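Take a look at the sequence and the model below. Then follow this short report through the strands and their charged side chains.

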Amino acid sequence: MRKKEGYSREGAFGTINHYDSRGKKIGESRPGLFGEVNNYDAKGHKVGSSTPNLTGGLTHRDNHGHKVGRSDPGAVSDWKHYDAKGHKTGYSDWGLFGEMKHYKKK
């Protein structure tokens, strides 16, 4: 059986709240002005951003603009996650109650 590492749920005003496997909030993502998503830790400090890329996925950058990874859409509404060097780090898929469940690399 796969071990869920965490999950994300839609919040108010377009935000996405992120939780660890025990349900503790660990951060959130908020839409930016130019199509990007700004990422924040649990205390509300900005830790980076994610911007759309040419493959329909997202490129993730830290707060200094350095690429830290990417997420690409999978074949069946899931997402595949990679580090800055292109190594697969995990994947995400939809849960029964509208949450996005996150898993480490298989």
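## Strands and salt bridges

Y19 stands opposite K25 in strand 3. This is a predicted model. Y19 also has a partner on another strand: in strand 2, the bridge partner of Y7 is Y19.

Now step back to the whole sheet. Ten strands close into a barrel, in the order 1-2-3-4-5-6-7-8-9-10, and the pairing is antiparallel. On average, neighbouring strands of this sheet are turned by 20° against each other, direction ignored. Strands of a sheet pair through backbone hydrogen bonds, either parallel or antiparallel.

Start with the pair of strand 1 and strand 2. Strand 1 covers residues 4-10 and strand 2 covers residues 16-20. Five bridges hold this antiparallel pair. At one of its positions, E10 stands opposite I16. The hairpin of these two strands has five residues between the strands. There, F13 takes a positive phi near 60°.

Next comes strand 3, residues 25-31. Strand 2 and strand 3 run antiparallel and are joined by four bridges. Their hairpin has four residues between the strands. In this turn, G23 has a positive phi of about 90°.

Is N17 buried or exposed? N17 lies in strand 2. Its relative accessible area is 12%, so N17 counts as buried; the cut-off for buried is under 20%. Leaving out residues up to four places away in sequence, N17 touches Y7, S8, R9, G11, K25, G27 and E28. With one of these, K25, the side chain of N17 makes a polar contact of 3.2 Å.

K25 leads on to the salt bridges. The count comes to five in this model. Three of them are listed here, with their closest N to O distances.

| Salt bridge | Distance |
|---|---|
| K25 and E28 | 3.0 Å |
| E28 and R30 | 2.6 Å |
| D78 and K80 | 2.7 Å |

E28 appears in two rows: with K25 and with R30. K25, E28 and R30 are linked in a network of salt bridges.

How accessible are these residues? E28 has a relative accessible area of 13%, so E28 is buried. K25 is partly exposed, at 34%. R30 is partly exposed as well, at 30%.

The D78 and K80 salt bridge also joins a buried residue to a partly exposed one. D78 is buried at 14% relative accessibility. K80 is partly exposed at 23%.

How values were computed:
Residues are numbered from 1 along each chain as its sequence is written. This is a predicted model: local features need pLDDT of at least 70, side-chain atom pairs count only at pLDDT 80 or more; totals for chains, interfaces and linings use all residues. Side-chain values use heavy atoms; hydrogens and water are left out. Two strands pair if DSSP finds at least two bridges between them. Axes are lines fitted to C-alpha atoms, for helices over the stretch in contact, and angles run from 0 to 180 degrees between N-to-C directions. Buried means under 20% relative accessible area, exposed over 50%, partly exposed in between (1.4 Å probe, protein chains only). A polar contact is a pair of N or O atoms within 3.5 Å; within protein, one must be able to donate a hydrogen and the other to accept it, and residues adjacent in sequence count only if both atoms are side-chain atoms. Contact means heavy atoms within 4.5 Å. A salt bridge is a side-chain nitrogen of Lys or Arg within 4 Å of a carboxyl oxygen of Asp or Glu.
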